[in-house]
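Q: Hi! I'd like to go through this structure with you before I set anything up. Could you show it to me?

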Amino acid sequence: MNFSPKNKITNIFLVIGAFIVVSLILWNTNSFFKKFKEEERLKMEIWATAQSEFLQSSEDVDLGSLHLKVFQNNTSTPMILINKDSSIRVNNIPAEMASDSVYIAKKLRQFQDENTPISIDQQGEHLATLYYGNSEVLNKLKFYPIALLLIIFLFGAVIFFLFRTNKAAEQNKLWAGMAKETAHQIGTPLSSLLGWNELLKTESINPDITKEIDKDIDRLKTITERFSKIGSLPKLNEADIVAETKDAFDYLKRRSSKLIHFSFKSNIEYAPVLLNSSLYNWTIENLVKNGIDAMKGKGTIAIEIVPQGKFVSILIADTGHGIPKSNFNTIFAPGVTSKKRGWGLGLSLVKRIIEEYHNGKIKVLSSGKEGTIMQISLKVHQ
């Protein structure tokens, strides 16, 4: 995530401020936990004192209601009292587990880890030992800082996601604006070329020359149309995917090096799909040019059209150096490129055209030393 110089200091202060707030909350929670634990300790010591007096009192002495109230008020802290005669008394522990010696031994070890046992003595004589654990409230409080950190982390993740989404939307608007402006700028010299070509047709020159110029002018019109459609939802019309692919392929074949061998094969004669011809041709052009670059200008480019049930697949193969398997998905991300020159937008645009505009799929079908096969899948329109 990149920060502009203007906002960098503000962002740093926000991060520092958030860190201070989190630290204060955690410190306050820890202080509260310790204070609560001290109060529970004091409550247990009062209970132990009351128990000591109760054990030492004779049957004919009336202790009043204070001792009874102390015993009854302890309804949350689990404890085990081991008398000097080794008899055991439990409180706030399930009754069915009180007679389970293994369970009681396990609880004694747990309570010793949580709190220091309280020895109940009277006039130098040891009467009993009180083991007690943390109350349910105290146990829940231990997990409060973790829950708080998780909430803060999730909140930060949401803020980060919103920031990235907003930034991506701004970049998309910028690219769309640049593309539309490029289309507008190309329009002026394109009109001039049309006029000059019409003048050339009146001269005594080879008509094949002006015919090829017409094709290139049409190609420029197509490119202009492509750029003008970036940022807006393109219109899809029913078209024959076989004919559209063959036209795009033939155009590239005529204007490529003789060192490139081109091969086209279709297992079907006709397959109607909902298509934007201009953008689809752009897709084929990008994939073929990428294949030529991978072969360093020498090798074989092959396109095969294969029916697959309700879908039709277009396979574009080259004999280039291949793509590492770990990069099969990342190559479609904006900015990713293996070329020394290039912005890494070609395959990103291809993915958007196929998947977002045409509801199709594109992937690297296979890649190795023998070359790469890219697969486009589109639904047949019925």
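A: Sure, and a word on confidence to begin with: pLDDT is the predictor's confidence in each residue, from 0 to 100. It applies here because this is a predicted model.

Q: Good to know. Which elements have the lowest and the highest mean pLDDT?
A: Helix H2, residues 66-73, has the lowest at 62, while strand S9, residues 311-318, has the highest at 95. Across the protein the average is 79, and 81% of the residues score at least 70.

Q: Where does pLDDT stay under 50?
A: Over residues 1-6, for which the model has six contacts beyond four places in sequence. Residues 340-344 are also below 50, and that stretch has eight contacts beyond near neighbours in sequence. Where pLDDT is low, the predicted coordinates should not be read in detail.

Q: Fair enough. Switching to packing: which residues touch the most other members of the largest nonpolar core?
A: That core has 35 residues, and Ile241, Ile284, Val288, Ile314, Ile376 and Leu378 touch the most other members. Leaving aside neighbours within four places in sequence, Ile241 is in contact with Ala271, Val273, Leu275, Tyr280, Ile305, Val312, Ile314 and Leu378. Another core of 11 residues lies apart from it, including Trp47 and Leu130.

Q: Back to Ile241, then. Which residues of H7 are buried?
A: Ile241 itself is buried, along with Val242, Glu244, Thr245, Ala248, Phe249, Asp250, Tyr251 and Leu252. The helix covers residues 241-254, and its 14 residues should span 20 Å at 1.5 Å a residue; the end C-alpha atoms are 20 Å apart, so the two agree.

Q: What caps the N-terminal end of H7?
A: Asp240 does, with a side-chain oxygen 3.1 Å from the backbone nitrogen of Val242.

Q: New topic: how many aromatic pairs does the structure hold?
A: Two. Phe249 and Phe262 are edge-to-face, at 5.4 Å centre to centre with 75° between the planes. Phe249 is in helix H7 and Phe262 in strand S6, residues 260-266, so this pair ties together parts 13 residues apart in sequence.

Q: And the other one?
A: Phe249 and Phe264 form a tilted pair, 5.7 Å centre to centre and 40° between the planes. Phe264 also lies in S6, so here the parts tied together are 15 residues apart in sequence. Ring pairs link Phe249, Phe262 and Phe264 into a cluster.

Q: Why does Phe249 count as buried?
A: Because its relative accessibility is 2%, and buried means under 20%. Phe262, at 8%, counts as buried too, whereas Phe264 is partly exposed at 23%.

Key. Residues numbered from 1 in each chain as written. Predicted model: local features only at pLDDT ≥ 70, side-chain atom pairs only at ≥ 80, totals over all residues. Heavy atoms only, no water. Core = buried A, V, L, I, M, F, W, Y, C linked by side-chain atoms within 4.5 Å. Buried < 20%, exposed > 50% of the residue type's maximum accessible area, 1.4 Å probe, protein only. Contact = heavy atoms within 4.5 Å. Helix = DSSP H or I, 4+ residues; strand = E, 2+ residues; numbered from the N terminus. Expected span 1.5 Å × (residues − 1). Polar contact = N/O pair within 3.5 Å; in protein donor to acceptor, adjacent residues only side chain to side chain. Phe/Tyr/Trp six-rings, centres within 6.5 Å; stacked < 30°, edge-to-face > 60°.
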